[in-house]
Amino acid sequence: SGRCIYLLHEKQDTEEVKPYIELMQGRGFHVLMPGFDGEVIEQRQKHVENLRAFDAAIIYKGSGNEQWVRMKASDLLKAPGFGRKKPIVAKAILSAPGEMSDSNDLRTQNFRIIEGDSKYFVESLKSFCQEFAS
């Protein structure tokens, strides 16, 4: 369907997220990635481009801390300010159990908090993609 999922993650989690990227691509989604090359300003530019383009977003909390997750979540909320025209279809945060201390505010911002291990993430992403494809 040509839908875009923006997978936000830290550079050191690039290997860890590969199976999730493959899963989403295998289901026909275009996966947008953060830019880790070039200067900070170029990385920011890539991030802003992705914020304009995505349909759904997934924040992967691997080596990032909770503050990093919240910063990215806040960027997603501010996406219209970056010239985004279309509505955001879905937002999720993937985290190991118990790593998001107080996520109620994120839930009220329509973030789906998915806590588990990589096997659970795969199952959850399948249903996430299914819902999102319909």
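**Reading strand 3 and its sheet**

Biologist: Which residue of strand 4 stands opposite K61?

Modeller: The model is a predicted one, and in it K61 faces S95 of strand 4. This pair belongs to a wider match: strand 3 and strand 4 (residues 90-95) are joined by six bridges and run in the parallel sense.

Biologist: How many bridges join strand 1 to strand 3, and in which sense do the two strands run?

Modeller: Strand 1 (residues 4-8) is linked to strand 3 by four bridges, and the two run parallel. Within this pairing, L7 stands opposite I58, and L8 is found opposite I59.

Biologist: How should I read the directions of the side chains along strand 3? Which residues point one way and which the other?

Modeller: The general idea is that side chains in a regular strand alternate between the two faces of the sheet. Here A56, I58 and Y60 point one way, whereas A57, I59 and K61 point the other way.

Biologist: Is strand 3 mostly covered or mostly uncovered?

Modeller: A residue counts as buried when its relative accessible area is under 20%. By that cut-off, six of the six residues of strand 3 (residues 56-61) are buried, and the strand is mostly covered. Residues pointing either way are buried, K61 among them.

Biologist: What is the order of the strands in the whole sheet?

Modeller: The sheet is open, has five strands with parallel pairing, and follows the order 2-1-3-4-5. Strand 2 (30-32) and strand 5 (111-115) are at the edges with a single partner strand each, so one side of each has no neighbour in the sheet. On average, neighbouring strands of this sheet are turned by 20° against each other, direction ignored.

Biologist: Which strands do helix 2 and helix 5 touch?

Modeller: Helix 2 (residues 40-53) packs on the sheet and touches strand 1 and strand 2, its direction making about 140° with that of strand 1. Helix 5 (residues 118-133) also packs on the sheet, in contact with strand 1, strand 3, strand 4 and strand 5, and its direction makes about 155° with that of strand 5.

Biologist: What unit do strand 3, helix 3 and strand 4 make?

Modeller: Together with helix 3 (residues 66-77), the two strands make a β-α-β unit, and this unit is right-handed.

Biologist: What is the volume of the largest pocket, and which residues are closest to its centre?

Modeller: The largest pocket has a volume of about 290 Å³. It is lined by 16 residues, of which P34, G35, Q43, H47 and K72 are the closest to its centre. Strand 1, helix 2 and helix 3 each contribute at least two residues to the lining.

Methods. Residues are numbered from 1 along each chain as its sequence is written. This is a predicted model: local features need pLDDT of at least 70, side-chain atom pairs count only at pLDDT 80 or more; totals for chains, interfaces and linings use all residues. Side-chain values use heavy atoms; hydrogens and water are left out. Buried means under 20% relative accessible area, exposed over 50%, partly exposed in between (1.4 Å probe, protein chains only). Two strands pair if DSSP finds at least two bridges between them. A crossover is right-handed if, with the strands pointing away from the viewer, the path from the first strand over the helix to the second runs clockwise. Axes are lines fitted to C-alpha atoms, for helices over the stretch in contact, and angles run from 0 to 180 degrees between N-to-C directions. Contact means heavy atoms within 4.5 Å. On a 1 Å grid over the protein atoms alone, a cavity is a set of points where a 1.4 Å probe fits but cannot get out, and a pocket is an open set with protein on both sides within 12 Å along at least five of seven lines; lining residues have an atom within 4 Å of a point. Grid points are joined across faces, edges and corners, and a volume is the space filled by probe spheres set on the points.
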